Amino acid sequence: MSAQLIFDRVPLGALVRYADGSPRPPERHRKKLSAWENRNSSGRLIAKRAPAVVGSTTLPASITLHKGDFGSGGVIVLRVHQTFSVNSDLTFTVVERPAIGSVLVLDRAGAGGELVHLAESREAAQTWLKSHGYPHAVLHEVTADEAAIGADGGRAAA
C-alpha cells in the first residue's frame, strides 16, 4: 500500500509498518543497520496533513507516525515521530486498526487534529485527559464504519 492510500483510507490510530524491500544488514554493520531501520519500521498513525502552499512552493500531503516514547519513571522526555510525504517510495502495511469503541484523544478539533492518545473507552480517555495538559483536546469514538474504511488493504483502489 502506498503512503497516498494510507493518507486516503486508513483511520488515525492505526498501527502501520513501512519498508523499502531491502534485506536487513548484519548486526556488525551498525551504520547500515541504522539507515535500514530508518526505512523499515512501524508506528501509530497520529496525523494527516493536507497539501499546503507556502509562497511559490507546494508541499505535498503527509502522514506522521508515532514511533515511540523515551523516558523513565512514567515521565516521557522524548517522543519520536516520523513524517512521510504521500510521494514516498516506501511500502506501507496496516498491521492493526483501532478497535471499534476505542476513543481517539485529538489535541484539537478539525482536520488538523493530531492523535495524542488512544484509549480503550471514553471513561479511560477522560481519566487520561485529567492527568495530561491538552486544554483543547477532543474525544472521538471509533465507529464500525470508520474501522472498516480501507479494510481491504487498498487492493480495490490499487
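The following conversation goes through how the terms used for this predicted model are justified.

Colleague: What makes the model fit to discuss at this level, and how are its residues counted?

Modeller: This is a predicted model, in which local features need pLDDT of at least 70 and side-chain atom pairs count only at pLDDT 80 or more, while totals for chains, interfaces and linings use all residues. Residues are numbered from 1 along each chain as its sequence is written, and side-chain values use heavy atoms, with hydrogens and water left out.

Colleague: How do you know how many helices and strands the chain has?

Modeller: Helices are DSSP runs of H or I with at least four residues and strands are runs of E with at least two, numbered from the N terminus; counted in this way, the chain has four helices and 10 strands. Along the sequence they follow the pattern α-β-α-β-β-β-β-β-β-β-β-α-β-α.

Colleague: What share of the chain is called buried?

Modeller: A residue is buried if its relative accessible area is under 20%, with a 1.4 Å probe and protein chains only, and such residues make up 32% of the 158 in the chain.

Colleague: Why is the set with Ile6 and Phe84 called a nonpolar core?

Modeller: The name applies because a nonpolar core is a set of buried Ala, Val, Leu, Ile, Met, Phe, Trp, Tyr and Cys residues joined through side-chain atoms within 4.5 Å. The largest such set has 22 residues, and Ile6, Val16, Leu45, Ile63, Phe84 and Phe92 have the most contacts inside it. Helix H1 (3-9) and strands S1 (15-19), S2 (41-49), S5 (62-72) and S8 (103-106) each supply at least two of its residues. A second, separate core of six residues includes Val103, Val105, Val116 and Ala119.

Colleague: Which residues is Phe92 in contact with, beyond its neighbours within four places in sequence?

Modeller: Contact means heavy atoms within 4.5 Å, and with those neighbours left aside, the partners of Phe92 include Met1, Ile6, Val16, Tyr18, Ile63 and Phe84.

Colleague: Why are S5 and S6 said to pair?

Modeller: Two strands pair if DSSP finds at least two bridges between them, and S5 and S6 (residues 75-85) have 10, in the antiparallel sense, with Ser62 and Ser85 as bridge partners. Their hairpin has two residues between the strands, and Gly73 takes a positive phi near 60° there. S5 also pairs with S2, again in the antiparallel sense, over five bridges, and Ala47 stands opposite Thr64 in S5.

Notes:
Buried means under 20% relative accessible area, exposed over 50%, partly exposed in between (1.4 Å probe, protein chains only).
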